[in-house]
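Take a moment to look over the model below. We will walk through its empty spaces, its sheet and its helices.

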Amino acid sequence: MEVPMIDFDKLDGEKRAETKALLHQACEKWGFFQIDNHGVDKKLMEKVKHLVNTHYEEIMKRSFYESEIAKALEDKETASNIDWESSFFLWHRPTSNIDEFTNISEDLRKTMDEYIAQLFKLAEKLSELMCENLGLEKGYIREAFSGNAGPSVGTKVAKYPQCPRPELVRGLREHTDAGGIILLLQDDQVPGLEFYKDGEWVVIPPSKNNTIFVNTGDQIEVLSNGRYKSALHRVMADKNGSRLSIATFYNPSGDAIISPAPKLLYPDHFRFQDYLKLYATTKFADKGPRFESMKNMAIGHHSLHA
């Protein structure tokens, strides 16, 4: 089962409609996909990966193997309530928390800031394309996510260390993501990420050539009224390698009020006889405009009785 690959270069030419259709299908049928020619500087991506790996080796690795998580694995037959990961979370927008991490090098700070500035543009472009595909106004997701201070952006920086007993523990247990659009810069050598589709776990291979892996979270499922579902996923622990994962979340702000886009809701609170009356004159036309008419009729009915 091959994960959809969306080539963003093709959005600028005669293949725009075809590429948008591929993206729509990936969001609707998969909930996860890859993007190539995404516009994020690939040398910068390499630098981010190198600096995070260095930070892990110098600062995080020793303390992880001395942690309670590592000890729990030595003592138990299975460890179902822990995750075999070493991670930290950076907030970028609306405010940054990177200064709280005094052990992060100046080089990593600057490089991460550059990377996030480029990635934010990609997230906004992706949100606009999703809106177009759903028949919403281009900025609908951005506005819905904005609250008082604009969308929230944060990054979970994680390593899934080499694991002596991978059969006993997950790198990260099965879950869907709470937020909006997740853009993942992941390891190009070590596997482990798996997504659930059509009753089976799909192994996501390491990202070659710095493609960006994307999945949609619970808030996109709500906003799209279930059209774009968030997908269950997990990370398997690995005996032979230590996997890198840099996942950036384009999320609603904490005070954003989330609900399905009204345009994507079915009509409700109408009388069947009113529907049949409309149906009599539109039977052989597309049902979409009929549903819209019923929605407008229901809105008129509500306002009369308000």
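How do the residues of the lining of the largest cavity divide into nonpolar, polar and charged? Keep that in mind as you look, and remember that this is a predicted model.

Start with the empty spaces. Rolling a probe the size of a water molecule over the atoms shows where empty space is left. Here the count comes to 2 cavities of 30 Å³ or more. The largest has a volume of about 40 Å³. Find Leu134, Leu136, Tyr140, Ile141, Ile220, Leu223 and Ser224, which line this largest cavity. Now the question can be settled: 6 of the lining residues are nonpolar, 1 is polar and none is charged. Helix 5 (140-146) and helix 6 (218-223) each supply at least two residues of this lining.

Move on to the second largest cavity. Its volume is about 40 Å³. The lining is made by Ile116, Leu119, Phe120, Ala123, Val153, Leu183, Thr248 and Tyr250. Of these residues, 7 are nonpolar, 1 is polar and none is charged. Helix 4 and strand 11 (243-251) each supply at least two residues. Helix 4 gives the most, with 4 residues.

Next comes the sheet. It is an open sheet of 7 strands, and its pairing is mixed. Trace the strands in the order 1-2-9-6-11-4-3. Which strands stand at the edges? They are strand 1 (5-7) and strand 3 (86-93). Each has a single partner strand, so one side of each is left without a neighbour in the sheet. From one strand to the next, the twist averages 25 degrees.

Look at one pair within the sheet. Strand 4 (residues 152-160) and strand 11 run antiparallel, joined by 9 bridges. Lys159 stands opposite Leu244 in strand 11.

Helix 4 packs on this sheet. It touches strand 2 (32-36), strand 3, strand 4, strand 6 (181-186), strand 9 (212-216) and strand 11. The direction of helix 4 makes about 135 degrees with that of strand 6.

Helix 4 also meets another helix. The axes of helix 1 (residues 16-30) and helix 4 (residues 106-134) come within 10 Å and cross at roughly 90 degrees. That makes helix 1 roughly perpendicular to helix 4. Helix 1 makes the contact with Arg16, Lys20, Leu23, His24 and Cys27. Helix 4 brings Leu126, Leu129, Met130, Glu132 and Asn133. The residues of this contact divide into 5 nonpolar, 2 polar and 3 charged. The cavity lining we began with, by contrast, has no charged residues.

Key. Residues are numbered from 1 along each chain as its sequence is written. This is a predicted model: local features need pLDDT of at least 70, side-chain atom pairs count only at pLDDT 80 or more; totals for chains, interfaces and linings use all residues. Side-chain values use heavy atoms; hydrogens and water are left out. Axes are lines fitted to C-alpha atoms, for helices over the stretch in contact, and angles run from 0 to 180 degrees between N-to-C directions. Angles under 35 degrees count as roughly parallel, over 145 as roughly antiparallel, 65 to 115 as roughly perpendicular and the rest as oblique. Contact means heavy atoms within 4.5 Å. Ala, Val, Leu, Ile, Met, Phe, Trp, Tyr, Cys and Pro count as nonpolar, Asp, Glu, Lys and Arg as charged, and the others, Gly among them, as polar. On a 1 Å grid over the protein atoms alone, a cavity is a set of points where a 1.4 Å probe fits but cannot get out, and a pocket is an open set with protein on both sides within 12 Å along at least five of seven lines; lining residues have an atom within 4 Å of a point. Grid points are joined across faces, edges and corners, and a volume is the space filled by probe spheres set on the points. Two strands pair if DSSP finds at least two bridges between them.
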